[in-house]
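Here is a walk through a protein model, taken one region at a time. Have the sequence and the 3D view ready, and follow along as the residues come up.

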Amino acid sequence: MIRRPPRSTLFPYTTLFRSPEYDKIYNFTELAIQLNEPEEGVAPTDSRNRPDQRLMENSQWDEANYEKLRLEEKQRIVRRKREQEAEKSMAEGRPYPAYEPIWFQKQKDPVTGNLIHVFTGKYWECKEEQNWSMCPDIF
């Protein structure tokens, strides 16, 4: 017979504090809000730098929506360009390099054998040096 712990230990996280303006902050917990706060010196690709997100947080809904559409179209253009370059490479018989994340490296999980992305630690070096030259312009 398998014994299970009491239910209270299965879900130990409970929200003990809710801001009086909880509904105005997207029902985020205090921790979620703190994790989303802007920070100086982060990579230009950091999601906290998304212009549409900042506009939404300032209740500029129309502007945020426009900005979101602009960012999505920018992503589509980059994807189409990569697809065209890959097709051209194939037609010419050249290999085309797959997209590689900047801060992670694909490795085989020693336990499951699955491919996983492992953090390289290079982000912290780049942050210390404030060298973001390898970051694409995504916003």
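Let's begin with S89: is this residue buried or exposed? S89 counts as buried, because its relative accessibility is 2%, and the cut-off for buried is under 20%. Keep in mind that this is a predicted model, so every value here is computed from predicted atoms. You'll find S89 in helix α4, which covers residues 61–91. Which residues does S89 contact, once its neighbours within four places in sequence are set aside? They are R94, P95 and Y96.

Now zoom out to the whole chain. There are five helices and two strands, and if you read along the sequence, they come in the pattern α-α-α-α-β-β-α. Of the 139 residues in the chain, 15% are buried. The accessible surface comes to about 11,800 Å², and carbon and sulfur atoms account for 55% of that. As for contacts, take those between residues at least 6 apart in sequence: 37% of them join residues at least 24 apart.

Stay with helix α4 a little longer, since it also carries some charged pairs to look at. K68 and E72 both sit in this helix, four residues apart, which is about one turn. Their side chains meet in a salt bridge, with N and O at 2.6 Å. Side chains of opposite charge can pair when their charged atoms come close. Neither end of this pair is buried: K68 is partly exposed, with a relative accessible area of 36%, and E72 is partly exposed as well, at 23%. The pair also belongs to a network of salt bridges that links K68, E72, E73, R76 and R80.

How many salt bridges does the structure hold? The count is 13. One of them joins R50 and D52, whose closest N and O atoms are 2.6 Å apart. D52 is buried, with a relative accessible area of 8%, while R50 counts as partly exposed at 25%. Another salt bridge brings together the side chains of R48 and E39, at 3.1 Å from N to O. Here R48 is the buried partner, because its relative accessibility is 15% and buried means under 20%. E39, on the other hand, is partly exposed at 36%.

Next, find the two strands. Strand β1 takes in residues 104–108 and strand β2 residues 115–119; they run antiparallel and are joined by five bridges. To see one pairing up close, pick out Q107, whose bridge partner in β2 is I116. The hairpin they belong to has six residues between the strands, and in it G113 takes a positive phi near 80°.

G113 is a glycine, but which other residues have a positive phi? One of them is S59, with phi near 60° even though this residue is not a glycine. S59 lies in the loop between α3 (51–57) and α4, and it counts as partly exposed at 49% relative accessibility. Q130 is another non-glycine with a positive phi, of about 55°. Q130 lies in the segment after α5 and is partly exposed too, at 43% relative accessibility.

Now for the inside. Which residues form the largest nonpolar core? There are seven: V42, A43, W103, Y123, C126, W132 and C135. Y123 is a good one to click on. Leaving out residues up to four places away in sequence, Y123 touches V42, A43, D46, W103 and W132. Four of those contacts, V42, A43, W103 and W132, are fellow members of the core.

Last, turn to the outside and look for W124. This residue is found in helix α5, residues 122–129. W124 counts as exposed, because its relative accessible area is 51% and the cut-off for exposed is over 50%. Together with F104 and F119, W124 makes a nonpolar surface patch of about 330 Å².

How values were computed: Residues are numbered from 1 along each chain as its sequence is written. This is a predicted model: local features need pLDDT of at least 70, side-chain atom pairs count only at pLDDT 80 or more; totals for chains, interfaces and linings use all residues. Side-chain values use heavy atoms; hydrogens and water are left out. Patches are made of residues with over 30% relative accessible area and no salt bridge: like charges are joined within 9 Å, nonpolar side chains (Val, Leu, Ile, Met, Phe, Trp, Tyr) within 5 Å. Accessible areas come from the Shrake-Rupley method with a 1.4 Å probe; for residues, only the protein chains shown count as cover. A salt bridge is a side-chain nitrogen of Lys or Arg within 4 Å of a carboxyl oxygen of Asp or Glu. Buried means under 20% relative accessible area, exposed over 50%, partly exposed in between (1.4 Å probe, protein chains only). Contact means heavy atoms within 4.5 Å. A nonpolar core is a set of buried Ala, Val, Leu, Ile, Met, Phe, Trp, Tyr and Cys residues joined through side-chain atoms within 4.5 Å. Two strands pair if DSSP finds at least two bridges between them.
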